[in-house]
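Please work through the exercises below with the sequence and the model open beside you. Each exercise sets a task and is followed by a solution that goes step by step.

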Amino acid sequence: MGSISGAYITTLLMILLCSGSSMLLLCEGQQLSSNFYDSTCPNALSTIRTAIRTAISAERRMGASLIRLHFHDCFVNGCDASLLLDSTSSFESEQNAIQNIGSARGFHVIENAKSKVESVCPGVVSCADILAVAARDSSVAVSIRNTPLHSSTISS
């Protein structure tokens with residue numbers, strides 16, 4: 001197992017965790033695609049990647065925190081970004097659930113990525129997709145050992 005990279009293991013785990021919701025999409029005749037936003041928001045993935053790299057450069061543990069946010073978002077009812085909802089007077093958000101208080105972190109990084117994506121193409125990219133891409137990019141960023149986080153070291 002020493003030859004298997006952390007990014008590979010993380011990717012497999014994410015596929016297994018999200019397979020329920022992914023299978024529903026495939027059964028409905030839709031397929032997941034890494035180039036979904038190429039025509040509607042061509043800079044979406046690079047914008048998210050830059051925000052994630054910046055956050056992980058400032059605090060390397062943030063990569064694991066963002067992967068954990070994606071896991072918690074997908075765990076119960078599928079990957080819908082419900083974890084990002086704020087509480088209201090009639091609704092307690094997942095952020096404020098007893099299981100997540102003090103342990104789920106990185107919300108500000110996702111908010112920052114969303115803000116940057118909204119500035120380049122407002123109303124196009126879903127929060128759930130930003131969270132998923134952030135987890136993917138985090139996995140890649142933290143798997144590169146002893147290498148600075150530069151654009152030339154991480155490919156999309």
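The exercises go from the chain as a whole to single residues, and they concern a predicted model.

**Exercise 1. Determine how many helices and strands the chain has, and in what order its elements run.**

Solution. Begin with the count, which gives 5 helices and 0 strands. Reading from the N terminus on, the order of the elements is therefore written α-α-α-α-α, given that helices and strands are taken as DSSP runs numbered from that end. Turn next to burial: of the 156 residues of the chain, 37% count as buried. Finally, take the contacts with a separation of 6 or more, of which 66% are made by residues 24 or more positions apart.

**Exercise 2. Decide which helix has the lowest mean pLDDT and which the highest.**

Solution. Start from the chain, whose average pLDDT is 79, with 72% of the residues scoring at least 70. Then compare the elements: the lowest mean, 45, belongs to helix H1 (residues 6-27), while the highest, 97, belongs to helix H4 (residues 107-120). Looking further into the low-scoring part, residues 12-27 have a pLDDT below 50, and this stretch has 14 contacts in the model beyond near neighbours in sequence.

**Exercise 3. Classify the packing of H3 against H4 by its angle, and describe the residues that meet there.**

Solution. The first step is the geometry: helix H3 (residues 62-75) and H4 pack at an angle of about 80°, and their axes are 9 Å apart. The second step is the class: H3 is roughly perpendicular to H4, because angles of 65 to 115 degrees count as such. The third step is to list the partners, where Met-62, Leu-66 and Leu-69 on the H3 side meet Phe-107, His-108, Val-109 and Ile-110 on the H4 side. Sorted by character, the residues of this contact comprise 6 nonpolar, 1 polar and no charged.

**Exercise 4. Find which residues have the most contacts inside the largest nonpolar core, and which helices supply it.**

Solution. The largest nonpolar core holds 28 residues, and those with the most contacts inside it are Ile-52, Leu-66, Leu-69, Ile-110, Val-125 and Ile-130. As for the helices, at least two residues of this core come from each of H2 (44-58), H3, H4 and H5 (127-143). Take Ile-130 as a case to follow: leaving aside its neighbours within four places in sequence, Ile-130 is in contact with Ile-48, Ile-110, Ala-113, Lys-114, Val-117 and Val-125.

**Exercise 5. Is Ser-138 buried or exposed, and with which residues is Ser-138 in contact?**

Solution. Locate Ser-138 first, in helix H5. Its relative accessibility is 0%, so Ser-138 counts as buried, the cut-off being under 20%. Once its neighbours within four places in sequence are left aside, the contacts of Ser-138 are Ile-52, Ile-56, Gly-63, Leu-66 and Ile-67. A last step compares sequence with space: Ser-138 and Ser-65 are 73 residues apart in sequence, and their C-alpha atoms are 8.9 Å apart.

**Exercise 6. Work out the setting of Ala-55 and of Phe-107, giving the helix of each residue and its contacts.**

Solution. Ala-55 lies in helix H2, and this residue is buried, with a relative accessible area of 15%. Beyond its neighbours within four places in sequence, Ala-55 is in contact with Met-62 and Val-109. Phe-107 lies in helix H4 and, at 16% relative accessibility, also counts as buried. With the neighbours of Phe-107 within four places in sequence left aside, its contacts are Leu-69, Leu-83, Leu-84 and Gln-95. One of these partners, Leu-83, is 24 residues from Phe-107 in sequence and 9.1 Å from it, C-alpha to C-alpha.

**Exercise 7. State where Ala-81 lies and what sign its phi has.**

Solution. Ala-81 is found in the loop between H3 and H4. Its phi is near 65°, a positive value in a residue other than glycine. Ala-81 counts as buried, at 8% relative accessibility.

Conventions. Residues are numbered from 1 along each chain as its sequence is written. This is a predicted model: local features need pLDDT of at least 70, side-chain atom pairs count only at pLDDT 80 or more; totals for chains, interfaces and linings use all residues. Side-chain values use heavy atoms; hydrogens and water are left out. pLDDT is the predictor's confidence in each residue, from 0 to 100. Helices (H or I, at least four residues) and strands (E, at least two) are DSSP runs, numbered from the N terminus. Contact means heavy atoms within 4.5 Å. Axes are lines fitted to C-alpha atoms, for helices over the stretch in contact, and angles run from 0 to 180 degrees between N-to-C directions. Angles under 35 degrees count as roughly parallel, over 145 as roughly antiparallel, 65 to 115 as roughly perpendicular and the rest as oblique. Ala, Val, Leu, Ile, Met, Phe, Trp, Tyr, Cys and Pro count as nonpolar, Asp, Glu, Lys and Arg as charged, and the others, Gly among them, as polar. A nonpolar core is a set of buried Ala, Val, Leu, Ile, Met, Phe, Trp, Tyr and Cys residues joined through side-chain atoms within 4.5 Å. Buried means under 20% relative accessible area, exposed over 50%, partly exposed in between (1.4 Å probe, protein chains only).
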